[in-house]
Amino acid sequence: MTDRPRGLALMAEDVAAARHRDPAAPSSFVIWVSYQGVHAVWYHRVAHWLWMRGRRSLGRLVSQFARRRTGIEIHPGAQLGRRVFIDHGMGVVIGETAVVGDDVLMFNNINLGGTSMSPGKRHPTIGDRVVIGAGARILGPVYVGSDARIGANAVVVKDVPNGATAVGIPAKVREHPKPAEAHTAASCVDEGDSHVHADDVGHEPAMYYI
Ligand SMILES: CC(C)(COP(=O)(O)OP(=O)(O)OC[C@H]1O[C@@H](n2cnc3c(N)ncnc32)[C@H](O)[C@@H]1OP(=O)(O)O)[C@@H](O)C(=O)NCCC(=O)NCCS
């Protein structure tokens with residue numbers, strides 16, 4: 001038995017995750033009806049379900065339809081965890097053998113791409129709660145550990161340890177202060193700023209680079 005929610009409950013969980021992680025989201029309703037990054041994950045669940053039952057052409061068609069609707073291309077064979085949120089989304093490409101953990105946050109123009117033309121595992125595995133900055137390319141069957149942060153425009157071609165921050169081309173792991181000590185944009189947001197949700201308790205500093 002699994003306690004994984006299904007159907008509408010699973011979708012509601014996605015919407016709640018997006019609301020929690022997007023300081024600019026005006027309401028849950030707007031996310032339900034208009035957030036392409038959330039819709040792309042929903043299309044992917046259908047495509048992946050078909051793919052896993054041998055309906056590969058149909059799965060691929062759903063995935064390509066989703067790409068046209070959302071600007072996000074997720075191969076139906078890719079495995080996505082729960083509450084994955086693709087913010088802004090346009091230009092994201094996730095390859096066939098990619099695995100993405102729970103609570104991962106991605107921005108626009110990200111590639112979880114392959115470096116080999118041979119079949120088999122050739123795309124990245126991303127741990128839980130990873131944040132992947134806009135424009136990042138994570139290439140090959142590398143492992144990005146849980147709670148890692150990948151900087152905007154980084155090109156990752158080697159494993160990234162749990163909790164590490166990797167930036168640059170090629171991406172290098174950087175020592176960094178704990179988020180609470182870092183001078184981030186988050187620490188500069190005034191109390192009462194209209195961009196902060198009243199119930200805002202858990203946004204990562206990286207979110208405030210939007
Ligand atoms: C990687 C990241 C999470 C680091 O955040 P942080 O720990 O607060 O780090 P800081 O901003 O204090 O920067 C620390 C150092 O890393 C460098 N750095 C930070 N982000 C970088 C990046 N994307 N590429 C290259 N260098 C980067 C800074 O220049 C600084 O270098 P220095 O120590 O030599 O001065 C953040 O910079 C980032 O890229 N977040 C992604 C946000 C994003 O994609 N938003 C898109 C919204 S649409």
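Contact here means heavy atoms within 4.5 Å of each other. Keep that in mind for the stop at arginine 122. The structure on your screen is a predicted model, and the residue numbers below count from 1 along the chain.

**Stop 1: arginine 122**

Select arginine 122, which you will find in the loop between strand 7 (111-113) and strand 8. Is this residue buried or exposed? Its relative accessibility is 16%, so arginine 122 counts as buried. Now show its neighbours. Leaving aside residues up to four places away in sequence, arginine 122 touches Glu96, Thr97, Gly113, Gly114, Thr115, Ser116, Gly140 and Pro141.

**Stop 2: the four-stranded sheet**

From that loop, move on to strand 8 and colour the sheet it belongs to. Here 4 strands form an open sheet with parallel pairing, in the order 2-5-8-11. At the edges are strand 2 (79-80) and strand 11 (143-144), each of which pairs on one side only. Strands of a sheet pair through backbone hydrogen bonds, either parallel or antiparallel. For an example, select residues 99-100 and 125-126: these are strand 5 and strand 8, which run parallel and are joined by 2 bridges. Which residue of strand 8 is the bridge partner of valine 100? It is isoleucine 126.

**Stop 3: the six-stranded sheet**

Next, pick out the other sheet on this tour. It is open too, with 6 strands in the order 3-6-9-12-14-15, and its pairing is mixed. Its edge strands are strand 3 (85-86) and strand 15 (172-174), and each pairs on one side only. Zoom in on residues 165-167, which make up strand 14. Strand 14 and strand 15 pair in the antiparallel sense over 3 bridges. To see one place where they face each other, select threonine 165, which stands opposite arginine 174 in strand 15.

**Stop 4: aromatic pairs**

Turn on the side chains of the aromatic residues. How many aromatic pairs are there? The count comes to 3. One of them is tryptophan 32 with tryptophan 42: the ring centres are 5.4 Å apart and the planes meet at 45 degrees, so the pair is tilted. This pair links distant parts of the chain, with tryptophan 32 in helix 2 (residues 28-34) and tryptophan 42 in helix 3 (residues 36-52), 10 residues apart. Tryptophan 32 is partly exposed at a relative accessible area of 29%, whereas tryptophan 42 counts as buried at 14% relative accessibility.

Now select tyrosine 35 and phenylalanine 85. Their ring centres lie 6.4 Å apart with the planes at 15 degrees, so this pair is stacked. Tyrosine 35 sits in the loop between helix 2 and helix 3, while phenylalanine 85 is in strand 3, so the pair ties together parts that are 50 residues apart in sequence. Tyrosine 35 counts as buried at 16% relative accessibility, and phenylalanine 85 is buried with a relative accessible area of 1%.

**Stop 5: the cavity**

For the last stop, look for empty space inside the model. Rolling a probe the size of a water molecule over the atoms shows where empty space is left. The count comes to 1 cavity of 30 Å³ or more, and about 50 Å³ of space lies in the largest cavity. To find its lining, select Ala40, Tyr43, His44, Ala47, Ser63, Ala66, Ile72, Glu73 and Ile74. Helix 3, helix 4 (56-70) and strand 1 (73-74) are the elements that each give two or more residues to this lining. Which element gives the largest share? That is helix 3, with 4 residues. By class, the lining has 6 nonpolar, 2 polar and 1 charged residues.

Key:
This is a predicted model: local features need pLDDT of at least 70, side-chain atom pairs count only at pLDDT 80 or more; totals for chains, interfaces and linings use all residues. Side-chain values use heavy atoms; hydrogens and water are left out. Two strands pair if DSSP finds at least two bridges between them. Rings of Phe, Tyr and Trp (its six-membered ring) pair if their centres lie within 6.5 Å; planes under 30 degrees apart count as stacked, over 60 as edge-to-face and the rest as tilted. Buried means under 20% relative accessible area, exposed over 50%, partly exposed in between (1.4 Å probe, protein chains only). On a 1 Å grid over the protein atoms alone, a cavity is a set of points where a 1.4 Å probe fits but cannot get out, and a pocket is an open set with protein on both sides within 12 Å along at least five of seven lines; lining residues have an atom within 4 Å of a point. Grid points are joined across faces, edges and corners, and a volume is the space filled by probe spheres set on the points. Ala, Val, Leu, Ile, Met, Phe, Trp, Tyr, Cys and Pro count as nonpolar, Asp, Glu, Lys and Arg as charged, and the others, Gly among them, as polar.
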